[in-house]
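Subject: Structure handover

Hi,

Here is the structure for you to look through. Please open it first, then read my notes below.

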Amino acid sequence: MPVFKTPFNGYAVRFSPFYENRLLVATAQNFGILGNGRLHIIDLNPAGGISELCSFDTADGIYDCAWSESHDSVAVAAVADGSLKLWDAALPPSSNPIRSFHEHAREVHAVDWNPVRRDSFLSASWDDSLKLWTLDRPASIRTFREHSYCVYSAAWSPRHADVFASASGDCTARVWDVRDPGSSLVIPAHDHEILSCDWNKYDDCFLATASVDKTVRVWDVRASRAPVATLAGHGYAVRRIRFSPHRESLLLSCSYDMTVCVWDYRTEDALLARYDHHTEFAVGVDMSVLVEGLLASTGWDELVYVWQHGTDPRAIS
């Protein structure tokens with residue numbers, strides 16, 4: 001499967017919800033500590049390999065990205081200067097970015113687009129807050145302040161238009177309804193910082209969290225006193241997780257141990273596969289909604305891998 005080399009360190013990768021061969025890649029210079037950022041839109045070629053459709057530069061690193069669920073050429077980037085920038089690949093460079101929002105007081109670490117309502121997106125920041133945005137408003141609609149430390153992740157429910165989850169360095173995951181300024185559920189999910197969260201795409205009662213404690217935990221939000229499953233196998237902090245859009249109990253994770261893992265949290269031997277193709281921290285993973293078993297990862301080694309589950313990502317076609 002193909003590999004794409006980025007000029008900066010990879011931070012996030014997302015498959016397009018509209019085109020099965022298109023991906024979005026967020027990168028940051030100097031490991032995101034200081035320097036520029038670049039957002040890449042790349043295409044998988046039918047004959048193999050990857051070509052870049054276009055790219056957008058920022059004065060600061062980009063930590064996360066998300067495709068619009070309503071416009072096939074629009075994407076949002078989470079920028080280290082505290083801003084959110086919206087780009088449209090269908091427009092010339094002089095017309096981009098089409099929007100720039102700057103309300104967060106510190107770095108924006110995560111973004112997620114609402115897959116149900118499709119007109120809004122969330123941002124999560126190191127200023128301990130989350131914000132709700134729409135394309136047609138110049139300012140955020142609502143700010144959510146309950147976390148006592150950096151908010152590293154935000155994830156919309158795949159079924160409920162107003163429900164989302166957040167994960168924070170304060171060791172809690174929270175479930176929210178955008179119509180209420182306060183969270184509806186607080187889960188003290190780990191004893192260490194929580195870096196990522198995601199909802200099960202088939203059962204909206206199940207939420208996964210990933211932590212600095214090297215584990216992934218799955219929770220039933222109806223009875224959250226103890227996890228349904230604890231997945232241990234990474235050697236360092238688990239940086240990002242994704243539930244499969246095709247198989248109910250399948251999870252994808254990546255870690256500072258430089259590996260990408262595939263899990264089935266409902267089986268006794270939960271670890272199905274471990275991929276060790278990255279040579280630096282693996283910090284971004286995704287699963288294609290349109291092609292079952294198609295995976296992507298990126299990391300600080302400046303490489304983006306796209307491969308089919310069960311094959312070797314380094315076996316370049």
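Which residue in E23 does arginine 240 stand opposite? The partner is cysteine 254. Keep in mind that this is a predicted model.

**Strands E22 and E23**

Start with the strands on either side of that pair. E22 covers residues 238-243, and E23 covers residues 250-255. The two run antiparallel, and five bridges join them. A hairpin of six residues links E22 to E23. As background, strands of a sheet pair through backbone hydrogen bonds, either parallel or antiparallel.

Is E22 buried or exposed? Six of its six residues are buried, so E22 is largely enclosed by the rest of the structure. Buried here means under 20% relative accessible area.

**The largest pocket**

E22 also turns up in the lining of the largest pocket, where it is one of the elements that give two or more residues. The others listed are E2 (9-15), E6 (62-67), E10 (108-113), E14 (151-156), E18 (194-199) and E26 (282-287), and each is a strand.

How many residues line this pocket? There are 37. Nearest the centre lie Glu69, Asp112, Pro115, Lys201 and Val289. The volume of the pocket is about 800 Å³. By type, the lining has 22 nonpolar residues, eleven charged and four polar.

**The sheet with E1 and E26**

E26 belongs to an open sheet of four strands. Read across, the order is E1-E28-E27-E26, and the pairing is antiparallel. Why do E1 and E26 each have one side without a neighbour in the sheet? Both stand at the edges with a single partner strand, so one side of each is left free of a neighbour there. On average, neighbouring strands of this sheet are turned by 15° against each other, direction ignored.

Look at E1 (3-5) beside E28 (303-308). Three bridges hold this antiparallel pair. In one of the pairings, phenylalanine 4 has valine 304 in E28 as its bridge partner.

**What the record says**

UniProt, in an unreviewed entry, places the feature "repeat: WD" at residues 101-143, 144-179, 187-229 and 231-273. I have figures for two of these stretches. Residues 101-143 are 0% helix and 51% strand, with end C-alpha atoms 14 Å apart. Residues 187-229 are 0% helix and 47% strand, and their end C-alpha atoms are also 14 Å apart.

Over to you.

Best wishes

Methods. Residues are numbered from 1 along each chain as its sequence is written. This is a predicted model: local features need pLDDT of at least 70, side-chain atom pairs count only at pLDDT 80 or more; totals for chains, interfaces and linings use all residues. Side-chain values use heavy atoms; hydrogens and water are left out. On a 1 Å grid over the protein atoms alone, a cavity is a set of points where a 1.4 Å probe fits but cannot get out, and a pocket is an open set with protein on both sides within 12 Å along at least five of seven lines; lining residues have an atom within 4 Å of a point. Grid points are joined across faces, edges and corners, and a volume is the space filled by probe spheres set on the points. Ala, Val, Leu, Ile, Met, Phe, Trp, Tyr, Cys and Pro count as nonpolar, Asp, Glu, Lys and Arg as charged, and the others, Gly among them, as polar. Buried means under 20% relative accessible area, exposed over 50%, partly exposed in between (1.4 Å probe, protein chains only). Two strands pair if DSSP finds at least two bridges between them. UniProt positions are given in the numbering used here, feature names are shortened, and annotations may be inferred rather than shown by experiment. Axes are lines fitted to C-alpha atoms, for helices over the stretch in contact, and angles run from 0 to 180 degrees between N-to-C directions.
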